[in-house]
Structures are given as C-alpha cells and as structure tokens.
Amino acid sequence: MTLTCQLDPEIDDEVRDGISALWTDVSNAGGAVGFVPPVTADDIRPDLDRSLAEVASGRRRLVLGRDEDGRIAATAFLTYNDHRLMRHWMWLYTVMVHPRHQGRGYGRTLMDTVERAARTFPGIEAIRLTCRGGTGVDGFYGGCGYKEVGRVPGAIRVAPGDDRDDISMMLTL
C-alpha cells in the first residue's frame with residue numbers, strides 16, 4: 001500500500017471536502033491537530049478555509065497525500081514566515097494521516113515529501129513545527145530527523161486538569 005503525494009494540488013470541492021473529512025476523522029480519533037473530540041466538519045471548516053486561503057495567496061503550501069484508491073489520506077501545510085529575520089525557515093502545520101492508514105509508513109512518506117519540497121524553495125534552510133506533548137508524536141518527528149529545540153510545560157490545555165507541553169522541533173535542511 002502506497003501514499004502518493006502532490007505539492008500544491010488544485011483546490012477544488014473534492015480536495016476541500018476530502019481535507020475536511022480527513023481533519024474531522026483525525027481529530028475524532030484523538031489526533032493532535034488543533035481540536036479535541038468530538039468535532040464535526042462545521043467545527044473544522046473555519047480553520048480549513050483559513051489554511052486554504054493562505055494556499056491560494058501563496059503564503060502557504062499544501063502537500064496532499066492520496067491512498068491507493070485515490071482518496072485523500074494525508075496532508076501537511078508549509079507556511080512561509082512573514083518576519084524579515086526569519087524568512088530562512090518555514091512552519092509545518094496540520095500534519096495528518098487518516099487513522100485507517102496509520103502504522104503503514106504513510107507518515108514517513110508524507111514527511112519525506114515535505115522535506116524534499118522545502119529543499120526546493122529558494123532561501124529555505126529549515127522547517128519548524130510544534131506538537132502536543134503526551135502523544136508520542138515527538139518521537140515520530142525525531143525519527144524523521146527533527147530535533148527538539150524548545151518546550152513550554154503545560155501550554156496546551158486539552159481539558160480541565162489535562163495540560164500538555166508545547167514541543168518545538170526543527171529540521172535543518
């Protein structure tokens with residue numbers, strides 16, 4: 001089973017709806033992508049619309065992954081920095097692999113594609129991301145070559161009494 005990734009696909013209704021369904025399913029499975037379950041597509045829609053508007057403006061780049069049946073199965077958004085002193089690195093946001101495909105190497109394929117794409121962007125020397133502590137995803141990113149560069153204890157409140165660390169990680173290209 002393979003994941004086929006594409007940088008900057010055409011954003012049409014199929015892509016918009018597919019990312020919305022993916023984001024909803026990942027969130028409801030407990031994925032740390034900005035929400036806590038339960039969520040609906042309507043909850044996700046404002047964040048998705050904002051992300052896709054940034055893609056349309058050229059400020060953000062989308063890596064879209066499709067499974068062997070052509071269904072949207074993974075995404076990652078790379079965002080350019082606006083700050084003049086930080087334009088040499090990008091942010092990586094909303095890295096998702098559909099729960100039905102986790103454990104099959106799709107995440108690694110997605111991250112490899114993200115890295116290859118970023119290496120082609122003029123002036124980009126690194127990728128930075130943040131992740132929610134307590135999920136183990138920092139170990140996955142570490143296996144992809146990212147190094148922990150900072151941690152803010154308890155910065156993410158998942159629920160009352162359930163605060164998680166906000167972990168910053170960076171990959172030098």
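**Exercise 1. Identify which residue of E7 stands opposite Lys147, and place this pair in the sheet.**

Solution. Lys147 has Met170 of E7 opposite it. The model is a predicted one, in which local features need pLDDT of at least 70, side-chain atom pairs count only at pLDDT 80 or more, and totals for chains, interfaces and linings use all residues. Residues are numbered from 1 along each chain as its sequence is written, and side-chain values use heavy atoms, with hydrogens and water left out.

Step 1. E6 and strand E7 (residues 162-172) run antiparallel and are joined by 8 bridges; two strands pair if DSSP finds at least two bridges between them. Strands (E, at least two residues) and helices (H or I, at least four) are DSSP runs, numbered from the N terminus.

Step 2. The order E1-E2-E3-E4-E5-E7-E6 describes an open sheet of 7 strands with mixed pairing. E1 and strand E6 (147-159) each have a single partner strand and stand at the edges, so one side of each is left without a neighbour in the sheet.

**Exercise 2. Determine how H2 is built and what its buried residues pack against.**

Solution. Step 1. H2 has 17 residues and spans 23 Å from its first C-alpha to its last, close to the expected 24 Å, where the expected span is 1.5 Å times one less than the number of residues.

Step 2. A kink of about 30 degrees in H2 is centred on Asp47; the bend at a residue is the angle between axes fitted to the seven residues ending there and the seven starting there.

Step 3. Ile44, Leu48, Ser51, Leu52 and Val55 of H2 are buried (under 20% relative accessible area, with exposed over 50% and partly exposed in between; 1.4 Å probe, protein chains only). An α-helix has 3.6 residues a turn, so residues three or four places apart point the same way.

Step 4. H1, strand E2 (60-66) and strand E3 (72-80) are what the buried residues of H2 pack against, contact being heavy atoms within 4.5 Å.

**Exercise 3. Compile the backbone features at Pro38, Asp8 and Thr94.**

Solution. Step 1. The peptide bond from Pro37 to Pro38 is cis, with omega near 0 degrees; Pro38 belongs to the loop between helix H1 (13-28) and helix H2 (41-57).

Step 2. Asp8, although not a glycine, has a positive phi of about 55 degrees. Asp8 counts as partly exposed because its relative accessibility is 31%.

Step 3. Thr94, not a glycine, has a positive phi of about 50 degrees and lies in strand E4 (residues 89-97). Thr94 counts as buried because its relative accessibility is 16%.
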